[in-house]
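Here is a friendly walk through a protein for someone meeting it today. Take a look at the sequence and the fold, then read on.

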Amino acid sequence: MGHTKPDTTDNLALAERLSPRARALWAKSDYDTKVEWLPLYLHISDSAAVAATLWDHFLPTATQRVVAAAFDGNLPLARKVAIWLAASHDLGKASPAFTCQMDWLRLKAEDAGLSFHPSVERNRRQLRHEAASYFILREWLRSSHGFSRKIASTYASIPLGHHGDFSTPPPEHSEPGSPLLGDKQVWWPTQRELACYTADFAGLIDDDFAAFAAIALPQPSAISLTGLTILADWIASNTEFFPLRSTPREPGAAADAMARLGLPPPWRAESVDDTRLFSDHLGLPEPRPLQTGIVELARRLTEPELLILEAPTGEGKTKAALAASEVMAAKFDLGGILFALPTQATSDGILAPVHEWLSTIIADTDVSLGLAHGKAHFNPEYANVRRMSHVYDPDGSGNVVAHWFLTGRGKLATMSDFVVGTIDQLLLGALRAKHVALRHLGVAGKVVVIDEVHAADTFMRRYLCRMLTWLAAYNVPVIAMSATLTPSIRRELITAYNDGRGRATAPIDDDAIIYPRITYTTDHGADVVALPASSRTSSIQVDELPGNVEAIALAALSAAVGGGNVAVICDTVRRAQDVYRTLRTANTDNLDLRLLHSRFLSPDRLHKEEELRVRLGPAATAPNRPLIVVSTQVIEQSLDIDFDVMFSDVAPLDLLIQRAGRLHRHRGKDADRPAAHRTARLVLTGFTRTTDGAPDLDRGCTKVYGAAALLRALATLDEHFAQHAMVDSPNDVAHLVTRAYETIGPPPGWEDVWATSEEKDRLLHADQRRRADQYRLPPPSRRLLTDWTELPGAADASGERGAAQVRDAEDSIEVVVVQRIDDRLVIPQWAAELGGAQVDMATVVDEGIALAASKNTLRLPGFLGVDQLGDQLISELEDDGIDTWQNSKWLRGMLPLILDAHGDAAYAGFDFHYDTDLGLLVTHQEHS
């Protein structure tokens, strides 16, 4: 059947061309009343109209170019193909396997002359409608337009993937004429007619098909088109905007619906000079060399690249990344930024600066902002972002908005113009899981910034490197930032990005230690920009303190009595609690003490963190000493605070440097420091020297980091202090990290312990790589998307389960803590928000109370979630479940941990106690 260009503005005329058989087929139905239904041809036209609007008014130009790359950059043709494939996604509903599901709608099809084989009812589940769409479209392209089977499959795969995966059924159900797909005499002509109808809506004519009949869709183009098709289907299936009806819609109905949905258009960065960029947009009238250096490099780039920025903490890397992102967004027509960080706390911390920056760069057009992590709705900064209702009326003043549609589903987490979130939201794009195409569509038109990239362990880096390969294939520029990286990790990231561009990566010369630096990808592999040394230098005295928690506590008290603000960083929560309890007992001078770790209820932890920011942050206006803060690793990244002296358990060397970045961090305050603390001092704990061998390491420290990394850190520092009195930052940083991870060998007497720990470390990393690779997405290739089949166990990449799949962590259990008081379950009485409010109502929990209750979450220690113990604990928690919670969007699916009036509970053979000062304490009942 040939095509001439139709009058696509007259939707009614196109529909009237259809036969009664084509018009009798259904797409959606009111399953309850069996009255309202939506004809398939009408859902096709709705989907086409939505896809056209998304292409014209939502997708960044850079994303459009990813699709157009398949057609030699022909954007008009790419637009037509995008609309056509979105319109074609439900062609498979024109099949006996789908139509037979509703008896009263099946009768309409039979009355129009469509027949059903007796086996259809029994076997219909063996042919899903998206798979039927694939076979119908593939056959139509072959028979009507001369496409080869392979090339036709690359286009037909887009409808196949619109429900999230690309798996196909057995061949016996897929051949034209099979009972489930429909006979060749009646069903095939109807299917072909509807296929022509989708092409007509897109404005595709025979000459267009001839132009790309020999072009196989490359995977980046195909996945972008799949994401667009899924998005168009979700919107066109929303009955609030596209109500069920059996007659054609009024002219302009789809446009009106999209206007009411009101997705903000993509951000379009303006090209500005350095004065406006730094002074007006970022409040930096005198930017630092690091900031001007990366912007200068961004202006020189002729195509998107990976930039790895390594510089000391506190040097302004965040604003440097925002400035470079703005330059590259304008240069490459990108529509936003994804800012990925290691944790929820670091994501929360960066949201306010990003929000403030956005307010300076937008004009009269709204931009969308998303905070992407599981506790986003608890963030006060995000709560103050203007929320969009289901009916949107922009006022033309240019606002930062959190659009309900873009922030309501985890799978759309990357779709807002600007996204701040945990690195999981990026890594999930490399997980073989349903609807991964949506995550790719969300990042394909953005600048991606990855902060604290060194925090990704071997397991996570497998996903990170695969995602970098895909980002390169999408021509997405990436800025990765760290205080310092090892040469091997740097090479790993560079190689992964170059792989996505089809480049070889020549060996990078890392013999010369260059720091601070920017390493960036190029056509010949990589180049390095040496940045001017920072004027913010510091010298750190490093001492050791052998002994137990009592020795650490007494030494911290002694340092504080001298007038200092003291940090004590422990590698485990248990050790931090023990140090803190010892400090409380020994604190005869009544000094101010604080404890911070991950096992506080979320509001308690946020309150403690805010107290520390006020007391020790850059905005603190006067000395407020002495203070002792005992913490775990949470203090490494999430808090911009300043200490005079630090006691730290031994850790991998790069993390020790990260921790030490909190010493004398705010240089303007040096004049106010007590005389005893004019020199920054780091005291290493968690190990004891032996007379003739390797140090004895604390068992908790080795469980967290492994003995190999800790021995390497100590050996490197021993070597350094054999020749130097201090660690100078930034001068010594890169050399120390490179030495510790790449070249250091065992000191005399350490050989046996060293070899054992290294072998254990090697096996651990090999196992991490193996387990990560089980569910990793394959790299871009010329293969069909039908190879992107969903893997068992990786079906859902949303929420907590998805995050767990890209992090190598124990299966920790999250609970909502409540108290039983006088036979009522209430929000903990000590809670600042609605403490004591009842949460076990017989009918429904008030929404405000439910929200307040849901904030009181914490994660139980990881070992409690493992194997049979985890099963037993979950079972006992579920026995305490509250039925009415399932009716609350805030509490649905949450497990309650019910404490008594004293804060105690017992589950699965363990005693639990919550103390507002100490956090959660867990003790095995046999040891109580």
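Two residues are in contact when they have heavy atoms within 4.5 Å of each other. Keep that in mind for Ala321: leaving aside neighbours within four places in sequence, this residue is in contact with Val449, Ile479 and Met481. One caution before going further: what you see is a predicted model.

**The whole protein**

Let's step back for the overall picture. The secondary structure comes to 35 helices and 28 strands. With a radius of gyration of 30 Å, close to the 30 Å that the globule rule gives for 928 residues, the protein is as compact as a globular protein of that length. Want a feel for the dimensions? Along the principal axes, the C-alpha atoms fill a box of roughly 90 × 70 × 60 Å.

How much of the protein is buried? Of the 928 residues, 59% are. As for the outside, the protein exposes about 35900 Å², and carbon and sulfur atoms supply 49% of that area. The chain also meets itself across long stretches of sequence: take the contacts between residues at least 6 apart, and 75% of them join residues at least 24 apart. Then there are the charges, 91 positive and 121 negative, whose mean positions are 4 Å apart.

**Helix H17 and its surroundings**

Back to Ala321, which is found in helix H17. This helix covers residues 317-332, and its 16 residues should span 22 Å at 1.5 Å a residue; the end C-alpha atoms are 22 Å apart, which agrees. Is H17 enclosed or open? Since 13 of its 16 residues are buried, H17 is largely enclosed by the rest of the structure. Ala321 fits that picture, as its relative accessibility is 0%, and it counts as buried. For a sense of distance, Ala321 and Glu610 are 289 residues apart in sequence, and their C-alpha atoms are 25 Å apart in space. Just after the helix comes Asp333, with a positive phi near 60°.

**Two buried charged residues**

Now for Asp46, which is found in helix H3, residues 40-57. Is Asp46 buried or exposed? At 3% relative accessibility, it counts as buried. Beyond its neighbours within four places in sequence, Asp46 is in contact with Leu38, Ala236, Phe242 and Arg249.

Arg501 sits in a loop instead, the one between helix H24 (487-500) and strand E11 (517-522). Its relative accessible area is 18%, and the cut-off for buried is under 20%, so Arg501 is buried. Which residues does Arg501 touch, not counting those up to four places away in sequence? They are Glu303, Pro304, Glu305, Ala472 and Asn475. Arg501 is 18 residues along the chain from Ala483, and the C-alpha atoms of the two are separated by 27 Å.

**Backbone details in the loops**

The loop between H24 and E11 also holds Pro516. Another proline to look at is Pro730, in the loop between strand E21 (727-729) and helix H31 (733-743). Here are the cis peptide bonds that lead into these two prolines.

| Cis peptide bond | Omega |
|---|---|
| Tyr515 to Pro516 | about -5° |
| Ser729 to Pro730 | near 10° |

Next, a couple of residues with positive phi. Asp72 has a phi of about 55° although it is not a glycine. You'll find Asp72 in the loop between helix H4 (61-68) and helix H5 (75-87), and at 78% relative accessibility it counts as exposed. Leu834, also a residue other than glycine, has a positive phi near 60°. Leu834 lies in the loop between strand E23 (824-826) and helix H34 (847-854), and with 41% relative accessibility it counts as partly exposed.

**Helix H31 and its partners**

Last stop: H31, the helix that follows the loop with Pro730. Which residues of H31 are buried? They are Val733, Ala734, Leu736, Val737, Thr738 and Ala740. An α-helix has 3.6 residues a turn, so residues three or four places apart point the same way. The buried residues of H31 pack against H24, helix H28 (653-660), helix H30 (707-721) and E21.

Technical notes:
Residues are numbered from 1 along each chain as its sequence is written. This is a predicted model: local features need pLDDT of at least 70, side-chain atom pairs count only at pLDDT 80 or more; totals for chains, interfaces and linings use all residues. Side-chain values use heavy atoms; hydrogens and water are left out. Helices (H or I, at least four residues) and strands (E, at least two) are DSSP runs, numbered from the N terminus. The radius of gyration is taken over C-alpha atoms; the globule rule is 2.2 Å times the number of residues to the power 0.38. Buried means under 20% relative accessible area, exposed over 50%, partly exposed in between (1.4 Å probe, protein chains only). Accessible areas come from the Shrake-Rupley method with a 1.4 Å probe; for residues, only the protein chains shown count as cover. Lys and Arg count as positive and Asp and Glu as negative; His and the chain ends are not counted. The place of a charge is taken as NZ of Lys, CZ of Arg, CG of Asp or CD of Glu. The expected span of a helix is 1.5 Å times one less than its number of residues.
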